[in-house]
Amino acid sequence: MSATIKSPDEIQKMRVAGRLAADVLDMITPHVQAGITTEELDRLCHDYIVNEQRAIPAPLNYRGFPKSICTTLNHQVCHGIPGDRKLKKGDILNVDVTVIKDEYHGDTSKMFYIGEPSILARRLTRVCRECMMIGIEMVRPGIRLGDIGHAIQKHAESNRFSVVRDYCGHGIGRVFHEDPQVKHYGKPGEGMVLQEGMTFTIEPMVNAGKHTVKTLPDQWTVVTRDRSLSAQWEHTVLVTSDGVEILTLRDEERDGSLAI
Ligand code: MF3
Ligand code: CO
Ligand code: CO
């Protein structure tokens, strides 16, 4: 497994793409309410990316994916296809946005509560975000991906949740999904050593029940086999000389106003 090291010029393009992806999540946030359908959310994001950002929604037609964002509900794990399902109180939803600007990708997702979530849904969502942030905060030159995966897994499992094994984070740049694979589980001291200039995603999927998943007949939507709830958060990050830069960070995360 190898990873591309981005040049300063490429890093600047990754910053722009990351910012645009984050902006889409900010734009869509006030619309994520009971009564709206996930295809209405898709349409709003599509039009914003194409018409306002002059960018490309990467999922559209990616390996045959039919929509511009992924909308993943409740016991779905990832890659939910927007459709005519109306959001209703008690749902939890992940919206995953990837944009291409000037040939470079920015990839990020966040969770939403529709109305008041159950105590379990809230705890799962919070622990999953903690898993992502624990991983991100470890990123620096010299650390190994196994160290990060292990820390993420430990946090999820110490909360009696499980980490999905079948889907991982990924290197990202001109290519949507490139090496390395960023596993959200693993052993300390194993895996690739990180170097300055690498860009990749950290996007743990955490299940309230067992880690096993299956894909629905639509060939995209991944669900938990035991139908337990699942949560996911995602950021695109850059390895800097002394740590990490989150390329998809939103203001609500910077100023602490993110309510989860
Ligand atoms: N955005 C997803 C990821 O984080 C990938 C979606 S691929 C799609 O890697 F085709 F389902 F959109
Ligand atoms: Co991703
Ligand atoms: Co994504």
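Modeller: Let's start with a contact in this predicted model: a polar side-chain atom of aspartate 107 lies 3.1 Å from an oxygen atom of ligand 1.

Biologist: How much of ligand 1 does the protein bury?

Modeller: On its own, ligand 1 exposes 330 Å², and 97% of that is buried by the protein. Ligand 1 also sits in the largest pocket.

Biologist: Which other residues have a polar side-chain atom facing ligand 1, and at what distance?

Modeller: Histidine 170 places one 3.1 Å from an oxygen atom of ligand 1, and threonine 98 has one 3.3 Å from a nitrogen atom of the ligand.

Biologist: How many residues surround ligand 1, and of which classes?

Modeller: There are 14 around ligand 1, with Pro59, His170, His177, Glu203 and Glu234 the closest. The shell splits into six nonpolar, four polar and four charged residues.

Biologist: Now the metals. Which protein atoms hold the cobalt ion (ligand 3)?

Modeller: Asp96 gives two OD donors, Asp107 an OD and Glu234 an OE, at 2.1 to 2.4 Å from the cobalt ion (ligand 3). Along the chain, these donors follow the spacing D-x10-D-x126-E.

Biologist: How do I read the geometry of that site?

Modeller: Begin with the ideal: six octahedral donors make angles of 90 or 180 degrees at a metal. Here, the six donor atoms of the cobalt ion (ligand 3) make angles of 58 to 164°, and the site is classed as irregular.

Biologist: What links the cobalt ion (ligand 3) with the cobalt ion (ligand 2)?

Modeller: Aspartate 107 coordinates both, and the two ions are 3.4 Å apart. That is the aspartate we began with, which also has a polar side-chain atom 3.1 Å from an oxygen atom of ligand 1.

Methods
Residues numbered from 1 in each chain as written. Chains lettered and ligands numbered in written order. Predicted model: local features only at pLDDT ≥ 70, side-chain atom pairs only at ≥ 80, totals over all residues. Heavy atoms only, no water. Near = heavy atom within 4 Å. Polar contact = N/O pair within 3.5 Å; in protein donor to acceptor, adjacent residues only side chain to side chain. Areas by Shrake-Rupley, 256 points an atom, 1.4 Å probe, with all protein chains shown as cover. 1 Å grid on protein atoms, 1.4 Å probe; cavity = no way out; pocket = protein on both sides within 12 Å on 5 of 7 lines; lining within 4 Å. Sits in = over half its atoms within 2 Å of the grid points. Nonpolar A, V, L, I, M, F, W, Y, C, P; charged D, E, K, R; others polar. Donors = N, O, S within 2.8 Å, 3.2 Å for Na, K, Ca; no water. Tetrahedral: all angles 85-135°; square planar, octahedral: opposite > 155°, others 65-115°.
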